[in-house]
Structure formats: C-alpha cells, structure tokens
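Open the model in your viewer and keep the sequence panel beside it. This tour goes stop by stop, with something to select at each one.

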Amino acid sequence: MKARQITAAVLWLLAAAALAAVWAAGGGALWLGAAIAVLLLPGVSLLLALAARRGVRLSLTLTPTVPKRAAAQAVLLVKNDALLSARALFRVRAVNALTREETVTLLRCTVPPKGTEELRFLVESRRCGQITAAVEKAGLLDICGIFAVPLKTENIAARTTALPDMFAPGIDLALASSMPEESDSYAPGCRGNDLTEIFQLREYAPGDDLRRIHWKMTAKTDRLIVREASLPLQRSLLVFWDKTAADKLAPDAADALAESVSSVCQSLSEQGYAYQLGWPEGGTARFAEAGSTEELLRNLPLLLRGGAEPLQETGALRGFGKILYFTASPD
C-alpha cells in the first residue's frame, strides 16, 4: 500500500516537473496551465475522497462453524452511498483466541457510485478455537493514488469456530451408584433420573417413557403430561476445563487439550450421561448444561474462546458429586 502511494507521488512530481520544464524552455501559457493543473490535482483529489468517505459503509460476515483445517467463507460488504466512485484498501486480521495464531489478509476494490462490492476471502486455522476476523485498517485512495483517507473500522468484525477433531475415549464412570436415590439437595437447572423430585412438567414427546406420565395433570389438561426427574447433587457430574493457563500453552498443546475435553463431552452425551460443562470466566466458574449432543455443540463456541482469569472462588465446584477436571497446569 505504501509502495503504491510512493510510486504515484513520484509519477505526479515527474509529470509536474516535465510540464514546468517545457514551459520554462519557451512553451506557451498552455504548458504553464497544464503544470499548475497537475500540481493542484492531488489536493482536489483528496477533497473528493474526503467527501466520498461519508457514504462508505462496511460489514463483515463469516461462516459460523467449520472443521479445523477447513476454510470459513468470509464476505466483506462495501456499500458506497456517495455520488463518487470509491477505491478502497483493507487489512483484515484473523486471531484464534485459543491458540493466539494470527493471519492477515489484504483486500482492495473499486465501488461505483451508489453501488456495492462483495469481497470474498477465506479464514482458516490448522487448529481448533474461536476465530475473530476484524477489519484492522481501511482507507479510501484518492484519484491520484497518493493519499489514503482512513475509514471507520470500529466493530467491523465477525467470528467463526474451528471445531476440534473428535476421538472415542474410554469412559467408565461409577456415578455414586451405592448412594440412595433420595437426596436432600438437587442440582438446580439440571435434569436427572431421580423421580422422587420433579424437575419440571412438560407435554409428552414421542420416545418418552410411559412410566413418567403424570396421570393427574393429564386428566386435568386433556393432554399427555410427563414428569422430568431431578438430579441429586451427590450423583451429579461436572466436566470442567480450567483454561487459566491456556495463554502459556503452545498452539499444538492448546489444540490437543481442546480435543480431549470435547471428545470426552461428546462420549458422555452419546452414552446418555447427564452432566454440566464448566469453565472459568471473569474470575468465576461458568456452567452450561450439556447433557445432549445438541447442547454440547451450542456451547462449544463459548468453550473454545481462549484463556481466562484464574478462579477467585472454587466453592461452586464443591456442589458436584464427581468432577472431570482438565487443565494444563494443575493447582
């Protein structure tokens, strides 16, 4: 970008000098007028670029999720509402929040008056993680190509998640089977298998166990109502990924840890375990229900966002009967 501007400036000076030399050698007023016009051209061109800048709007979109090593389709939409054409230059930086890897893409286009232009490019990562692509720098070139008028780039960004590869871990969890079914405390907001405490009532769905039909409510509403069981805290399961040391990991190590957590969660979901997914955020523990494959996929973008502040309080973890704890640096 700078090289092109310098080249354009040198050519402008050479043209102006050549015209002035012809006039000094005895050329007429026409040559003098041409030299003056060339000298004034960059200033006029800069004023036109400043006027066109007000009408340029940017937006960036990305494919929400892709497998790692696959490319996410990115589209930078440039809309020009001005009456002048716009020659634009862009620098887009993509950062993987989990592995801290970065890529830079340079783009350019010319947008006609009252027109739009779609700049398509690819964002990819060899490793999993949440990737944020943002327009780091943008500018409009004047007609001469000497000046670049900056464009506003705040909040011109989009995210995609490079999903981890999954493997099949061997998992054998004895979830406190020796404990009685009844419990004094239950996991809030978490379904389970203890029908002595009802988690919620809902309408019957194909595949529901007929033994869970609530016949009294069914008779009152003329609709099949089933009971969802609660989960005793003594038998509850938490998969917790402590990412406080993630910023110190090599990219391959962070990628391997993410794949381990994701694969274990997928295996638990496929085996029908009721569990919660946890990770540190803002110095506290954040939890999300992930007992099904759909819930796991919904929470993966949050899980793969990268490092976090150390946990200030670990009391929230003590309410679970069993914890699968993943970390790169055990405390």
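## Stop 1: the salt-bridge network

Select K68, R69, D165, D255 and E259: salt bridges link these residues in a network. Keep in mind that the model is predicted.

Now zoom in on one pair, R69 and D165. Their salt bridge brings the closest N and O atoms to 2.5 Å. R69 sits in the loop between β2 and β3, and D165 in the loop between β9 (157-163) and β10 (186-203), so the bridge ties together parts that are 96 residues apart in sequence. Is D165 buried or exposed? Neither: D165 counts as partly exposed because its relative accessibility is 30%.

Stay on R69 and look at the backbone. The loop holding R69 runs between β2 (65-67) and β3 (71-80). R69 has a positive phi of about 75 degrees, yet R69 is not a glycine. Most residues other than glycine have a negative phi.

## Stop 2: two arginines, one glutamate

Select R91, R93 and E136. R91 and E136 form a salt bridge, with the closest N and O atoms 3.0 Å apart. R91 belongs to strand β4 (residues 86-96) and E136 to strand β7 (residues 129-141), so this pair ties together parts that are 45 residues apart in sequence.

R93 also meets E136 in a salt bridge, at 2.6 Å from N to O. R93 lies in strand β4 and E136 in strand β7, so here the parts tied together are 43 residues apart in sequence.

Colour these three by accessibility:

- R91 is partly exposed, because its relative accessibility is 33%.
- R93 is partly exposed, because its relative accessible area is 25%.
- E136 is partly exposed, because its relative accessibility is 35%.

How many salt bridges does a search of the whole structure find? The search finds 13.

## Stop 3: a second positive phi

Select K114. Find this residue in the loop between β5 (102-111) and β6 (115-124). K114 has a positive phi of about 55 degrees and is not a glycine. Turn on the surface here: K114 counts as exposed, because its relative accessible area is 59%.

## Stop 4: helix α4 and the glycine after it

Select residues 251-270, which make up helix α4. Helix α4 has 20 residues. From first C-alpha to last, helix α4 reaches 28 Å, close to the 28 Å expected at 1.5 Å a residue. Then step to G272, just after α4. G272 takes a positive phi of about 85 degrees.

## Stop 5: a nonpolar patch

Select V22, W23, L30 and W31 and show them as surface. Together they make a nonpolar surface patch of about 420 Å². Which elements give two or more residues to the nonpolar patch? They are α1 (2-24) and α2 (29-53).

Pick out L30 in helix α2. L30 counts as exposed because its relative accessibility is 73%.

## Last stop: the whole chain

Clear the selection and zoom out. The protein chain has five helices and 15 strands. Of its 331 residues, 40% count as buried. Its accessible surface comes to about 18,100 Å², and 57% of that belongs to carbon and sulfur atoms.

Finally, show contacts. Among contacts in the protein chain with a separation of 6 or more, 71% come from residues 24 or more positions apart.

How values were computed
Residues numbered from 1 in each chain as written. Predicted model: local features only at pLDDT ≥ 70, side-chain atom pairs only at ≥ 80, totals over all residues. Heavy atoms only, no water. Patch = residues over 30% accessible without salt bridge, like charges linked within 9 Å, V, L, I, M, F, W, Y side chains within 5 Å. Areas by Shrake-Rupley, 256 points an atom, 1.4 Å probe, with all protein chains shown as cover. Salt bridge = Lys/Arg side-chain N within 4 Å of Asp/Glu carboxyl O. Helix = DSSP H or I, 4+ residues; strand = E, 2+ residues; numbered from the N terminus. Buried < 20%, exposed > 50% of the residue type's maximum accessible area, 1.4 Å probe, protein only. Contact = heavy atoms within 4.5 Å. Expected span 1.5 Å × (residues − 1).
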